[in-house]
Amino acid sequence: MSPFEDRSIPLEDIKSIRRSLQLLSIIASLVTAYFAKDLILPVLLGTLLALTLSPVSRSLARAGIPSGVSAGVLVSLSGIAILLLLGLSAGTVALWSDELPSMGAELQRKLSGMSDTVETVRRASEEVEKISEGSNAPPEVVVKQPGLLDTAMSSGMRLGGTLAVTLVLALFLLASGNLFYVKLVQSFQTITGKKRALAAVYDVEKRVSRYLLTITIINAVLGLCIGGFLWALGLPGAHIFGVAAFLLNFLPYLGSMLGALITGAYAVITFDVVGYALLAPAGYMALSAFEGQLITPWLVGRRLELNTVAVFLTVVFWGWLWGLPGALIAVPFLVVFKVVCENVEALHIFGHFLGSSLTDQRDIPPETKKGAV
């Protein structure tokens with residue numbers, strides 16, 4: 001066969017190679033995301049914070065305040081608010097961490113009459129341990145765990161680094177103003193392409209920032225309500241549970257149940273009467289249900305409602321990949337992806353799938369469809 005003879009690859013083989021490369025790209029992206037968590041997480045948080053504050057920044061810019069000044073003020077206020085929340089919570093959380101063994105014993109004592117099965121299992125486990133100790137077992141090797149101070153310092157340094165990168169990135173993004181939009185427009189050759197790209201980007205920013213800002217305010221109000229309710233019940237450290245409710249409410253479905261479970265366990269330990277203690281998780285769930293079923297759908301609107309299955313799978317996936325931080329940012333990230341899909345014609349099918357059962361492509365505004373790229 002001549003080296004110059006045509007050796008064209010069949011079309012089916014090309015498609016198979018392309019699918020294989022796409023699969024390998026997805027796997028490589030997941031592996032990179034897993035090992036580069038400490039780098040990617042603050043970048044995502046900084047981008048989400050910038051999107052959340054962008055409407056306020058643009059309003060201040062229309063009032064004549066330079067983007068750099070407004071960005072500095074907004075990011076500084078956000079940093080101060082985060083530090084205040086951490087400062088208010090750190091002392092109580094540190095105290096609780098020292099008292100965890102005694103708190104667990106107290107919880108078991110108060111619930112012993114309601115859970116005889118647990119006590120039976122515990123006694124059986126003790127008997128098994130006694131039997132195993134009497135046998136000729138090999139010597140145990142004890143691995144010394146890092147001390148509490150070392151663990152706290154390591155976690156504090158990691159948290160401080162993440163917070164610093166998040167705030168600095170948000171500052172730069174807000175201070176840049178329309179720089180990225182100008183560069184995006186310049187990357188298209190035709191006037192039609194420039195207009196469509198600009199319309200799509202502005203729609204993505206408007207809808208995502210409005211959603212994130214609205215959800216953040218709703219969660220903050222919910223945290224205040226839950227903290228105030230628990231304070232009225234006389235629960236010590238009620239403000240800690242208010243902060244936890246604010247954060248956990250970014251985690252749909254599972255967040256409210258987890259918060260109510262933790263609140264109920266602490267209330268049972270604190271109060272003498274179990275019936276009175278159960279008022280704490282009941283009120284927590286009632287306030288969360290009122291917010292989730294009435295307040296959020298009314299303020300957010302239909303077009304940003306998400307498919308329940310897609311939300312659940314996204315939370316589980318990001319929780320598996322990055323733990324609790326990944327689970328907390330899963331839904332905001334999913335909203336960003338959904339809005340992008342609705343504005344990119346090639347991704348419309350994914351945007352349609354991510355919508356709720358009541359959402360249809362006909363719900364997308366005409367100007368959004370015209371601006372799709």
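**Cores and rings**

Reader: Which residues touch the most other members of the largest nonpolar core?

Author: This is a predicted model, where local features need pLDDT of at least 70, side-chain atom pairs need 80 or more, and totals for chains, interfaces and linings use all residues. Numbering starts from 1 along each chain, and side-chain values use heavy atoms, leaving out hydrogens and water. A nonpolar core joins buried Ala, Val, Leu, Ile, Met, Phe, Trp, Tyr and Cys through side-chain atoms within 4.5 Å. This one has 29 residues, and the ones touching the most other members are Val208, Val315, Trp322 and Val331.

Reader: Which helix gives the most to this core?

Author: H2, H7, H12 (308–322) and H13 (324–343) each supply at least two of its residues; helices here are DSSP runs (H or I) of at least four residues. With 9 residues, the top giver is H13.

Reader: What does Val208 contact, beyond its neighbours within four places in sequence?

Author: Contact here means heavy atoms within 4.5 Å. By that rule Val208 meets Leu51, Val335, Val336 and Val339.

Reader: How do the planes of Trp318 and Phe333 sit, and at what angle?

Author: Rings of Phe, Tyr and Trp (its six-membered ring) pair if their centres lie within 6.5 Å, and planes over 60 degrees apart count as edge-to-face. Trp318 is in H12 and Phe333 in H13, so their pair ties together parts 15 residues apart in sequence. The centres are 5.4 Å apart, and the pair is edge-to-face at 70°.

Reader: Is Phe333 buried or exposed, or partly exposed?

Author: Buried means under 20% relative accessible area, exposed over 50%, partly exposed in between (1.4 Å probe, protein chains only). Its partner Trp318 has 14%, so Trp318 is buried. Phe333 has 35%, so Phe333 is partly exposed.

Note on methods. Phe/Tyr/Trp six-rings, centres within 6.5 Å; stacked < 30°, edge-to-face > 60°.
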